[in-house]
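The following exercises concern pockets, burial and contacts in a protein model. Each task is followed by a solution in steps.

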Amino acid sequence: MQEHAPALSPLGRASAAFVAAVAFSSLLLQYVLLIAATRDTIGTLAGTLQFFGYFTILTNLSIVLVAATAAMGVGGFFARPRVRAAVALYIAVTGLIYVLILRHLWQPQGAAWVADTGLHYVMPVLYLAWWALALPHGHLQFRDLFKWLLFPLFYLGWALVVGAVIGLYPYPFIDLAALGWVRTLANATGVMFLFLVLAGVLLALDGLLGRRKHGM
């Protein structure tokens with residue numbers, strides 16, 4: 001497998017810049033809103049820690065890095081096909097979990113609705129479309145699937161630590177204080193299974209797109 005895929009076309013780089021701009025704008029708006037809401041309660045530092053405790057935030061930050069790297073036409077870690085595909089997996093799971101489980105828990109209004117829509121609806125569709133249509137394919141291997149699961153596993157530990165420190169867990173299905181270890185780990189296992197299934201779908205899609213491009 002190539003460490004770096006072929007250079008993108010001018011259109012691919014322009015669309016990457018657009019993806020990065022939308023993700024960054026949504027993140028910035030969400031951060032401003034969160035800090036404004038928590039400044040007089042848990043404080044700015046804890047509010048910032050809470051912000052970076054969400055998988056949605058970390059995934060959208062990854063989108064900014066991947067898309068900005070592509071827009072600038074530079075190499076490095078975020079230009080690797082398996083990293084670009086990993087981010088596609090993470091944002092796909094983010095969107096599905098939000099639509100299936102979390103969207104019913106609150107009804108954001110105004111600027112909060114704009115940030116919420118950008119992070120949970122627009123970015124999953126936008127990044128996955130960019131990944132499928134603008135990027136070269138056929139560079140992934142089966143072993144990449146298992147590497148992609150390392151970040152969600154790391155995140156689980158991070159989220160539990162952040163929750164214990166500030167007393168607020170980012171998602172109700174991993175609220176250790178309310179659910180206990182057994183239920184929390186059972187829920188986390190279910191989410192990891194979703195990661196595994198969608199990772200298989202992305203691998204298959206990458207292979208299909210790569211064969212189509214080369215007329216195979």
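**Exercise 1.** Characterise the largest pocket of this predicted model by volume, central residues, contributing helices and residue classes.

*Solution.*
Step 1. The volume of the largest pocket comes to about 450 Å³.
Step 2. Its lining consists of 20 residues, and those closest to the pocket centre are Tyr54, Tyr98, Trp106, His120 and Pro170.
Step 3. At least two lining residues come from each of helix 1 (10-38), helix 2 (44-51), helix 3 (55-72), helix 4 (81-102) and helix 5. Helix 1 provides the largest share, with four residues.
Step 4. Sorted by class, the lining holds 15 nonpolar residues, four polar ones and one charged residue.

**Exercise 2.** Carry out the analysis for the second largest pocket.

*Solution.*
Step 1. A volume of about 350 Å³ is found for the second largest pocket.
Step 2. Among the 14 residues of its lining, Phe77, Val83, Ala86, Tyr90 and Phe151 lie closest to the centre.
Step 3. Two or more lining residues are given by each of helix 3, helix 4, helix 6 (142-148) and helix 7 (150-166). The greatest contribution, five residues, is that of helix 4.
Step 4. The lining of this second largest pocket comprises ten nonpolar residues, one polar residue and three charged residues.

**Exercise 3.** Locate Asp116, state which side chain of opposite charge is nearest, and list the contacts of Asp116 beyond four places in sequence.

*Solution.*
Step 1. Asp116 belongs to helix 5, which spans residues 111-134.
Step 2. The nearest side chain of opposite charge is that of Arg103, at 9.3 Å from Asp116. A salt bridge requires a side-chain nitrogen of Lys or Arg within 4 Å of a carboxyl oxygen of Asp or Glu. Asp116 is accordingly without a salt bridge, although Asp116 is buried.
Step 3. With residues up to four places away in sequence set aside, Asp116 touches Gln30, Tyr98, Trp106, Pro108 and Tyr121.
Step 4. Two of these partners, Tyr98 and Trp106, also appear among the residues closest to the centre of the largest pocket.

**Exercise 4.** Is Ile35 buried or exposed, and which residues beyond four places in sequence does Ile35 contact?

*Solution.*
Step 1. Ile35 is part of helix 1.
Step 2. The relative accessible area of Ile35 is 6%. The term buried applies under 20%, so Ile35 is classed as buried.
Step 3. Beyond its neighbours within four places in sequence, Ile35 is in contact with Thr44, Gly47 and Thr48.
Step 4. Ile35 and Leu45 are ten residues apart along the chain, and their C-alpha atoms are separated by 8.9 Å.

Key. Residues are numbered from 1 along each chain as its sequence is written. This is a predicted model: local features need pLDDT of at least 70, side-chain atom pairs count only at pLDDT 80 or more; totals for chains, interfaces and linings use all residues. Side-chain values use heavy atoms; hydrogens and water are left out. Buried means under 20% relative accessible area, exposed over 50%, partly exposed in between (1.4 Å probe, protein chains only). Lys and Arg count as positive and Asp and Glu as negative; His and the chain ends are not counted. Contact means heavy atoms within 4.5 Å. On a 1 Å grid over the protein atoms alone, a cavity is a set of points where a 1.4 Å probe fits but cannot get out, and a pocket is an open set with protein on both sides within 12 Å along at least five of seven lines; lining residues have an atom within 4 Å of a point. Grid points are joined across faces, edges and corners, and a volume is the space filled by probe spheres set on the points. Ala, Val, Leu, Ile, Met, Phe, Trp, Tyr, Cys and Pro count as nonpolar, Asp, Glu, Lys and Arg as charged, and the others, Gly among them, as polar.
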